[in-house]
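Q: Please take one helix of this protein and go through it closely. I am new to the structure, so a plain account of how that part sits among its surroundings would help.

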Amino acid sequence: MLQVLILGSGSSGNCALVCTGKTRLLIDAGLSAGQIISRLASVGVGMDTVSGILITHEHGDHCRGLPVLLRKHPLPLLCNALTREVLRDCLPATRHWNIIPNGSSFEYAGLGIDTFSVPHDAADPMGFVLRHGDSALGILTDAGHATPVMRQRLKNLDTLFIEANYDTQLLSNDTKRPWSTKQRISGRHGHLSNEQAAELIVELATARLERVILGHLSRDCNTTDLATGAVRTALHQRFRHDVEIVCAPAAVPTSWHPVRSRPPTATGNTSAPGDDSPRKGLAAADSSASTGSGPVVWRQLELL
Ligand SMILES: [Zn+2]
Ligand SMILES: [Zn+2]
């Protein structure tokens, strides 16, 4: 069975864990290495059982933990070529670059992975749909606006993990952030507001959609109640009272959430044979990683 657990989500760091039986894949590594390892341990997962790390984009709140984590655990790193160009000088020598063209679909360790382009001010940000058996999990974070490609790729999901970054009024009233930062956050290559996330969720809420996990909530310009309320109101207006809404906190992991097709199979088992085939179907692999050992200087673009 495909399962997802968010280890932490917010401007302080983003990291999620997706599991299928024996396969465990991290999505981003924006918490410190110590936090990733300790939060994994708190949910009963050893870092040495993780199969790889899939990267959405290079911003610090998604990659900050990579240098130390990869030094301790030289895991395969899956990202696109432009993202690697930004990351490579900051990372320890590794033979585990796995380059995924944005827009490609491939299989990794028994998981089907569709990638798609996301409008955000990073080198080449990606969203994902992860598939296992009949189950489909969508992952969309750090997106300035909804695009036709997103809508096409994210239809027919069982679970959607999506950012609901800010409440429009709280951002407008915020006194900590300069006007230029607010413009960037609310711009077409910034982040999704609660209302934007709710609109997109309603569009994507086919009868199959069972659960929405909201993430990347701004500490200052959003609350769990506001984000959940906006999405709940939008879904209820469409008579969708059956979609569970979960908010992923920044400081602690969520519980495990099964990703399964509706209706459940008679056995409840959606596992497919052939799990754990390593790196099957990857577009390319490159072992020519940089040996750069200078100080890590992350782009400080994540201000919420
Ligand atoms: Zn970002
Ligand atoms: Zn982010």
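A: What follows is a close look at helix α9, with a short setting before it and a brief look at a group of strands after it.

The model is a predicted one. The protein has 304 residues, and 47% of them count as buried. Its secondary structure amounts to nine helices and 15 strands. Of the contacts between residues at least 6 apart in sequence, 71% are between residues at least 24 apart.

Helix α9 covers residues 224-237, which makes 14 residues. From the first C-alpha to the last, α9 reaches 20 Å, close to the 20 Å expected at 1.5 Å a residue.

The buried residues in α9 are A227, A230, V231, A234 and L235. These five lie on the same side of α9, because the arc they cover around the axis is only 125°. The face turned away from that buried side holds the exposed residues D225, H236 and Q237.

What do the buried residues of α9 pack against? Their partners are one helix, α8 (194-204), and two strands, β12 (211-215) and β13 (244-247).

The helix pair can be described further. Two packed helices are described by the angle between their axes and by the distance between the axes. For α8 and α9 the angle is about 35°, and the axes are 9 Å apart. Their crossing is right-handed. On the α8 side, the contact is made by N194, E195, A197, A198, E199, I201 and V202. On the α9 side, the contact residues are L226, A227, A230, V231, A234 and L235. A227, A230, V231, A234 and L235 thus appear both among the buried residues of α9 and in the contact with α8.

Just past the end of α9, the backbone at F239 takes a positive phi of about 60°.

A positive phi also occurs in another part of the chain. Strands β7 (residues 105-108) and β8 (residues 111-117) pair in the antiparallel sense, with four bridges. Y108 has L111 of β8 as its bridge partner. Two residues stand between the strands of this hairpin, and A109 there has a positive phi near 50°. β8 is also joined to strand β9 (residues 126-132) by six bridges, and this pair runs antiparallel as well. In that pairing, D114 is opposite V129 of β9.

To return to the helix: α9 has a buried side that packs against α8, β12 and β13, and an opposite face with D225, H236 and Q237 exposed.

Technical notes:
Residues are numbered from 1 along each chain as its sequence is written. Chains are lettered from A and ligands numbered from 1 in the order in which they are written. This is a predicted model: local features need pLDDT of at least 70, side-chain atom pairs count only at pLDDT 80 or more; totals for chains, interfaces and linings use all residues. The expected span of a helix is 1.5 Å times one less than its number of residues. A residue is buried if 20 or more other C-beta atoms lie within 10 Å of its own, exposed if 12 or fewer, and partly exposed in between; C-beta atoms are placed from the backbone. The arc is that of the directions from the helix axis to the C-beta atoms. Two residues are in contact if their C-beta atoms, placed from the backbone, lie within 7 Å. Two strands pair if DSSP finds at least two bridges between them. Axes are lines fitted to C-alpha atoms, for helices over the stretch in contact, and angles run from 0 to 180 degrees between N-to-C directions. A crossing is left-handed if the near helix is turned anticlockwise from the far one by less than a right angle, and right-handed if clockwise.
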